[in-house]
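Me: I would like a close look at one part of this model, followed outward to whatever surrounds it. Please take your time and keep the answer connected.

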Amino acid sequence: MKHTIKELEDIASQIRRDIVRMVHGCQSGHPGGSLGCTDFFTALYFEVLNYKKDFSMDGIGEDLFFLSNGHISPVWYSTLAHAGFFDKSELATFRKLDSRLQGHPTTHEHLPGVRVASGSLGQGMSVAIGAALTKRLNGDNSYVFSLHGDGELQEGQNWEAAMFAPFHKVDHLICTVDYNGQQIDGPTDKVLSLDSLQAKFEAFGWHVINTDGNDMAAIVEGLHYAKTLAGKGKPILNLMSTQMGAGVDYMMGSHKWHGTAPNDEQLATALAQLPETLGDY
Amino acid sequence: MKKYTYTEKKDTRSGFGAGLHEAGKKNENVVALCADLVGSLKMDAFIKDFPERFTQVGIAEANMIGIAAGMTIGGKIPFTGTFANFSTGRVYDQIRQSVAYSNKNVKICASHAGLTLGEDGATHQILEDIGLMKMLPGMVVINPCDYNQTKAATIAIAEYEGPVYLRFGRPVIPVFTDPDQKFEIGKAWMVNEGTDVTIIATGHMVWKAIEAGEKLAELGIDAEIINIHTIKPLDDEAILKSVKKTGCVVTCEEHNKFGGLGESVARLLTTELPTPQEFVATNDTFGESGTPDQLMSKYGLDAVNIVEAVQKVIGRKKA
Ligand SMILES: Cc1ncc(C[n+]2csc(CCOP(=O)(O)OP(=O)(O)O)c2C)c(N)n1
Ligand SMILES: [Mg+2]
């Protein structure tokens, strides 16, 4: 371990503060999924992902990460800043004119850490597979990670990708699903049930694991375990249970905070629950 | 310059929601589908009164278009609702084959078009949708200019038989057209008669054209302003008649100048009546995050840009 669990939890607390402040600052954006995935991002970038400090698009010899559910950009941006990809002061520009921190992640403004645009849902798994295929052709044994929303899996392209990856033995690919059971119009079970994702992916030929995405020790262990499963002929799917809005009591567990910004009072309430550990931007 | 005033500002997507509700009351064959954006598309009133005629398809736009095409078989009139980007580019071949080529009576209703979607940024701000849709044979393309016109257009397309693309937006803007207007597909609306230049505007740009017209009047320029809400079929007659009188034209749209209304007008004029034309449109670029007003200004879609284009085109006319 590079960090203790306590240290990772402290980083996560700061990232959560950043998220609510960023979304409040521009009065738009998506706090719910961002907060739910904060522990995952912290574990990934501070413990699991083997990345180079100097960002390069090609990422030769390092692990790659793709965010398919691009609307949770706040958590990614804050994580990238704390991991040293750019200065955290830039977080204040989120969603504002002339910013590199666009509403949804993009390569257009050359933000270090981002390798493809996302925001229009359902495209990231294909891109991650493509990057993994190139790694294989290059004889590069590092890993490709990706994150997907559960509602996002309603997009058909995911299932084209899900069929492709096992058939082509893309086995350095670790896709995580933010299994929060929520999307814009309500709980996924009410909008369009995903039923058993585990059974679906297993039927397609994936190795499926289940993790608790809001328990730091569990998610670190789960991602390390996922790496040990790589190279065995199957892509890996990490079904990660989370709570939308995790860490801010009034946002938790409801689709209402998928894409709503807190007002001044709500911001204060949220910040009171999230200790400032590394200094606000 | 004819005086236009407004007492309230509303979003055109709410005009769509109100029109869909009306159309649903008038004709029980009207059905609606949505891809996890019910609130954004303002479909709540329709869903409340006609729950059995509403289908939530989830985040699956391609499936939605296919289901809509299928539902026409047997007589339903499906209205699909999602953002403009996911209504067009995302599902182009599904529209092309199952709707346009198969001539199905599907109404593709697209909100959050253009830059004025704002902070979500370029992934969601489509500036190419008019072009994509107008290239499909048989597709009617409509981009109304305010709440009332969007409501009227929504009711009108339910009565029209054939595929339609209806484009509207997110921001609140002045409501200045007649609440009781009869919407005629393909018929231009004369906003202001003038003699020096023809300003042709669609969608959110119509109010900007009116603002520009007022500024031009102060400069002694008498602008004719025409609202083209139906980009296809284009009202050739109204445009030619006006341009014959004024001798120059400025087209205004919240869309890429490649493939938009401006190019449709240019095609008409080069074949029928070659005329100096300037384009107020985005210039082969993606958008970005920002407030709607900031973006309209940065990308050259404000009244001042129309005024400048008019001055330029009048200069070219004299040259
Ligand atoms: C192709 C596409 N369709 C629709 C949308 C609008 N949209 C953005 S997020 C979202 C819901 C996503 O649900 P989920 O993946 O579960 O994310 P969560 O709400 O849990 O963060 C929708 C419908 C989009 N961005 N892209
Ligand atoms: Mg979800």
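How far apart do the C-alpha centres of domain 1 of chain B and domain 2 of chain B lie?

Reply: In this predicted model, the C-alpha centres of domain 1 of chain B and domain 2 of chain B lie 25 Å apart. The division behind that value assigns 9-174 of chain B to domain 1 and 189-318 to domain 2, and the contact between the two domains draws on 33 residues from domain 1 of chain B and 34 residues from domain 2 of chain B.

The size of an interface is often expressed as the accessible area that is lost when the parts come together. On that scale, domain 1 of chain B and domain 2 of chain B bury about 2,500 Å² between them, with 60% of this area on carbon and sulfur atoms. On the domain 1 side of chain B, the residues that lose the most area to domain 2 of chain B are Leu115(B), Leu127(B) and Lys134(B), which together account for 26% of what that side buries. As for the polar part of this interface, the count of salt bridges between domain 1 of chain B and domain 2 of chain B is 0, whereas 24 residue pairs are in polar contact across it, both partners being at pLDDT 80 or more.

Chain B also meets chain A, and here 27 residues of chain A are in contact with 25 residues of chain B. Chain A and chain B bury about 2,000 Å² between them, of which 46% is on carbon and sulfur atoms. Within chain A, the most area is lost to chain B by Leu97(A), Glu155(A) and Asp185(A), together 28% of what that side buries. Between chain A and chain B the count is 3 salt bridges, one of which joins Arg90(B) to Glu155(A), with the closest N and O atoms 3.1 Å apart. Glu155(A) thus appears both in that salt bridge and among the residues of chain A that lose the most area to chain B. There are also 18 residue pairs in polar contact between chain A and chain B, both at pLDDT 80 or more, and the side of chain A that touches chain B consists, by class, of 6 nonpolar, 15 polar and 6 charged residues.

The two chains come together again around ligand 1: because residues from chains A and B surround ligand 1, the site is shared between chains. Of the 22 residues around ligand 1, those that come nearest are His71(A), Asp150(A), Asn180(A), His258(A) and Glu61(B). Backbone atoms of chain A take part as well, since a polar backbone atom of Gly119(A) is 2.8 Å from a nitrogen atom of ligand 1, and a backbone N or O atom of Leu121(A) lies 3.0 Å from a nitrogen atom of ligand 1. For Gly151(A), a backbone N or O atom lies 2.8 Å from an oxygen atom of ligand 1. Taken alone, ligand 1 exposes 590 Å², and the protein buries 99% of that.

Technical notes
Residues are numbered from 1 along each chain as its sequence is written. Chains are lettered from A and ligands numbered from 1 in the order in which they are written. This is a predicted model: local features need pLDDT of at least 70, side-chain atom pairs count only at pLDDT 80 or more; totals for chains, interfaces and linings use all residues. Side-chain values use heavy atoms; hydrogens and water are left out. Contact means heavy atoms within 4.5 Å. Buried area is the accessible area (1.4 Å probe) that two parts lose on being put together, summed over both. A salt bridge is a side-chain nitrogen of Lys or Arg within 4 Å of a carboxyl oxygen of Asp or Glu. A polar contact is a pair of N or O atoms within 3.5 Å; within protein, one must be able to donate a hydrogen and the other to accept it, and residues adjacent in sequence count only if both atoms are side-chain atoms. Ala, Val, Leu, Ile, Met, Phe, Trp, Tyr, Cys and Pro count as nonpolar, Asp, Glu, Lys and Arg as charged, and the others, Gly among them, as polar. A residue is near a molecule or strand if one of its heavy atoms lies within 4 Å of it. Accessible areas come from the Shrake-Rupley method with a 1.4 Å probe; for residues, only the protein chains shown count as cover. Domain bounds come from an automatic or database domain assignment.
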